[in-house]
Amino acid sequence: MGPALTLRRLLLKLLLVIGVAAVVTAAVSVAWTAIGGGRLGTHGLIALSLGVTGTVGLTWGLMALAFKSSREGWDERPDDPDKP
C-alpha cells in the first residue's frame, strides 16, 4: 500500500466526518428552530459544527482503539487457565 493510497483514504475519511458534521448541524439547526428556539447565528453554527465534528472524531477514535485492542488480544485475561 503506497503513500498516495494512504493519503487518499485519510482524505476520504476526513471528507466523511465533515459531511456527517454538516448534515447533523443542519438537522439540529432545523430542529432547534422548529421547537421555538431562535435562529442560530453564524457563531452558533460554527460552534455546533465543531462540537459535532469533535464528538464524531472522538467516537471514531475510541471505537478504533477498542477494535484494535480486541483484535490484538489486549482484552484477554493475563491468567486465563484455558490458554496454554
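**A walk along two helices**

Leu-7, Leu-10, Leu-11, Leu-14 and Ile-18 together make a nonpolar surface patch of about 490 Å². Keep in mind as you look at these residues that the model is predicted. A good one to pick out is Leu-10, which you will find in helix 1, the helix covering residues 3-34. Is Leu-10 buried or exposed? Its relative accessible area is 54%, and because anything over 50% counts as exposed, Leu-10 is an exposed member of the patch.

Now let us move on to helix 2, which runs over residues 42-72 and holds Ser-69. Here the picture changes: Ser-69 has a relative accessible area of 19%. The limit for buried is under 20%, so Ser-69 counts as buried. Which residues does Ser-69 touch, leaving aside those up to four places away in sequence? They are Trp-74 and Asp-75.

Stay in helix 2 for the last stop, where charge comes into play. Side chains of opposite charge can pair when their charged atoms come close. How many salt bridges does a search of the whole structure find? It finds one, and the partners are Glu-72 and Lys-68, whose closest N and O atoms are 2.7 Å apart. Both residues belong to helix 2, and they sit four residues apart, which is about one turn of the helix. As for their surroundings, Glu-72 is partly exposed, with a relative accessible area of 48%. Lys-68 is partly exposed too, at 41%. Both values fall between the 20% and 50% limits, which is why neither residue is called buried or exposed.

Technical notes:
Residues numbered from 1 in each chain as written. Predicted model: local features only at pLDDT ≥ 70, side-chain atom pairs only at ≥ 80, totals over all residues. Heavy atoms only, no water. Helix = DSSP H or I, 4+ residues; strand = E, 2+ residues; numbered from the N terminus. Buried < 20%, exposed > 50% of the residue type's maximum accessible area, 1.4 Å probe, protein only. Contact = heavy atoms within 4.5 Å. Salt bridge = Lys/Arg side-chain N within 4 Å of Asp/Glu carboxyl O. Patch = residues over 30% accessible without salt bridge, like charges linked within 9 Å, V, L, I, M, F, W, Y side chains within 5 Å. Areas by Shrake-Rupley, 256 points an atom, 1.4 Å probe, with all protein chains shown as cover.
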